[in-house]
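This briefing introduces one protein structure to a reader who has not seen it before. It opens with a single helix and then goes through the remaining topics by group.

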Amino acid sequence: MRKYRVITIEDTLELPTGSLRKLGYNIQSMKVAAALSKGSSEVPADEGIRTTLRMGDSALIIGEIRSKEALALYEAMRVGALANVVAGTIHGDSPYGVFDRVVNDLGVPRTSFKATDVVVVANPVRSADGLHRWRRITQITEVRKQWEQDPLVEKGFVDLMKYNSKKDELEASEDLINGDSEILKAIAGNVKEWAGDWDAVWDNIMLRAKIKENLVDFANKTSNLGLLEADFVIQSNDQFHKISEKIKDEIGTLDSKRILFDWNEWLKRHVKKMDFHSKM
């Protein structure tokens, strides 16, 4: 199911590309020179990014954006040189912190920052006694395009999900629930079954959430936490897409109830088969 190439660019090789390759991903790693290194034989990060632009239909993952490679990255994003996901890590404790870092520290023109679609913020969360802390995704924010100088003042940031500390979970915002998301509408606009139909988009989002929830519940119920490891999750995702395609071909539409039922039946059969082989 994963047909396009994933390219990672890092100055320290932290992403487990070898393990991901064994799981079936078409992933290639490019080691580049660190921002502060001098006289290295390694390719600078900005040149590494420009090199990836000649590799066609790829997804690009930047280990950390901290220097002039930011300009090359945003150049690639603006011209649409990479057809799939472009993602990177930037130090910032909020969407505005990311904007400030990219524009004021790294020198990317503020209009170029509009090429950013979504900012995902991960922050540490502390216990009341101050002795414990956990890392949580605290905010998923969409970057709108109708602003000129300051996206914070001009309402260029719209939260799609926010962390609820009492429940210790992310919650969907009213904007997301009501379909007020430009990026999701843009994605849906390229899919025949979803174009102009937010109810169908939201129904599919909830279907995917239910499948993830069922997988976690089944793993806990059977005390088989291996079902939550990457290898099985990839099989689960692939099966979801295959079942969705099969049902769409049969009845001409994505019937969420049928997809969920068939996926649940596949899960039970597959786990039963795994248990049988493990006992032999």
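Helix 7 (residues 198–221) has 24 residues and spans 34 Å between its first and last C-alpha atoms, close to the 34 Å expected at 1.5 Å a residue. The expected span is 1.5 Å times one less than the number of residues in the helix. Helices (H or I, at least four residues) and strands (E, at least two) are DSSP runs, numbered from the N terminus.

This is a predicted model, in which local features need pLDDT of at least 70, side-chain atom pairs count only at pLDDT 80 or more, and totals for chains, interfaces and linings use all residues. Residues are numbered from 1 along each chain as its sequence is written, and side-chain values use heavy atoms, with hydrogens and water left out.

**Overall picture**

- The protein contains 9 helices and 8 strands.
- Of its 280 residues, 34% are buried; buried means under 20% relative accessible area, exposed over 50%, and partly exposed in between (1.4 Å probe, protein chains only).
- About 17,000 Å² of the protein is exposed, and carbon and sulfur atoms supply 52% of that area. Accessible areas come from the Shrake-Rupley method with a 1.4 Å probe, and for residues only the protein chains shown count as cover.
- Among contacts (heavy atoms within 4.5 Å) with a separation of 6 or more, 47% are between residues 24 or more positions apart.

**Confidence**

- The average pLDDT, the predictor's confidence in each residue from 0 to 100, is 84, and 83% of the residues score at least 70.
- Helix 2 (residues 45–52) has the lowest mean pLDDT among the elements, at 61, while strand 7 (residues 157–164) has the highest, at 96.

**Buried positions in two helices**

- The buried residues of helix 7 include W198, V201, N204, L207, I211, N214, L215, F218 and A219.
- In helix 4 (residues 95–105), the buried residues include P95, G97, V98, F99, V102 and V103.

**Positive phi angles**

- Most residues other than glycine have a negative phi.
- S223, just after helix 7, takes a positive phi of about 55°. S223 is in the loop between helix 7 and helix 8, and counts as exposed because its relative accessible area is 65%.
- K155 is not a glycine either, yet has a positive phi of about 60°. This residue lies in the loop between strand 6 and strand 7, and K155 is exposed at 70% relative accessibility.
- G107, which follows helix 4, has a positive phi near 80°.

**Salt bridges**

- A search of the whole structure finds 11 salt bridges, each defined as a side-chain nitrogen of Lys or Arg within 4 Å of a carboxyl oxygen of Asp or Glu.
- R136 pairs with D168 in a salt bridge, with the closest N and O atoms 2.9 Å apart. The pair links distant parts of the chain: R136 is in strand 6, and D168, 32 residues apart from it, is in the loop between strand 7 and strand 8 (169–172).
- R136 is partly exposed at 28% relative accessible area, as is D168 at 38%.
- K248 and E193 form a salt bridge of 3.2 Å, N to O. This pair also links distant parts of the chain, 55 residues apart, with K248 in helix 8 and E193 in the loop between helix 6 (182–188) and helix 7.
- Within helix 7, the side chains of K210 and E213 meet in a salt bridge of 3.7 Å, N to O. K210 and E213 are separated by about one helical turn because they are 3 residues apart in that helix.
- K210 is partly exposed at 36%, and E213 is partly exposed at 40%. Elsewhere, E142, R144 and D180 are joined into one network by salt bridges that share partners.

**Individual residues**

- Q139 is in strand 6 (residues 133–143) and is buried because its relative accessibility is 12%.
- The side chain of Q139 makes polar contacts with the side chains of T141 (3.4 Å) and D159 (3.0 Å). A polar contact is a pair of N or O atoms within 3.5 Å; within protein, one must be able to donate a hydrogen and the other to accept it, and residues adjacent in sequence count only if both atoms are side-chain atoms.
- E250 is found in helix 8 (residues 230–251) and is partly exposed at 45%. Its side chain has polar contacts of 2.9 Å with the side chain of K246 and 2.9 Å with that of R258.
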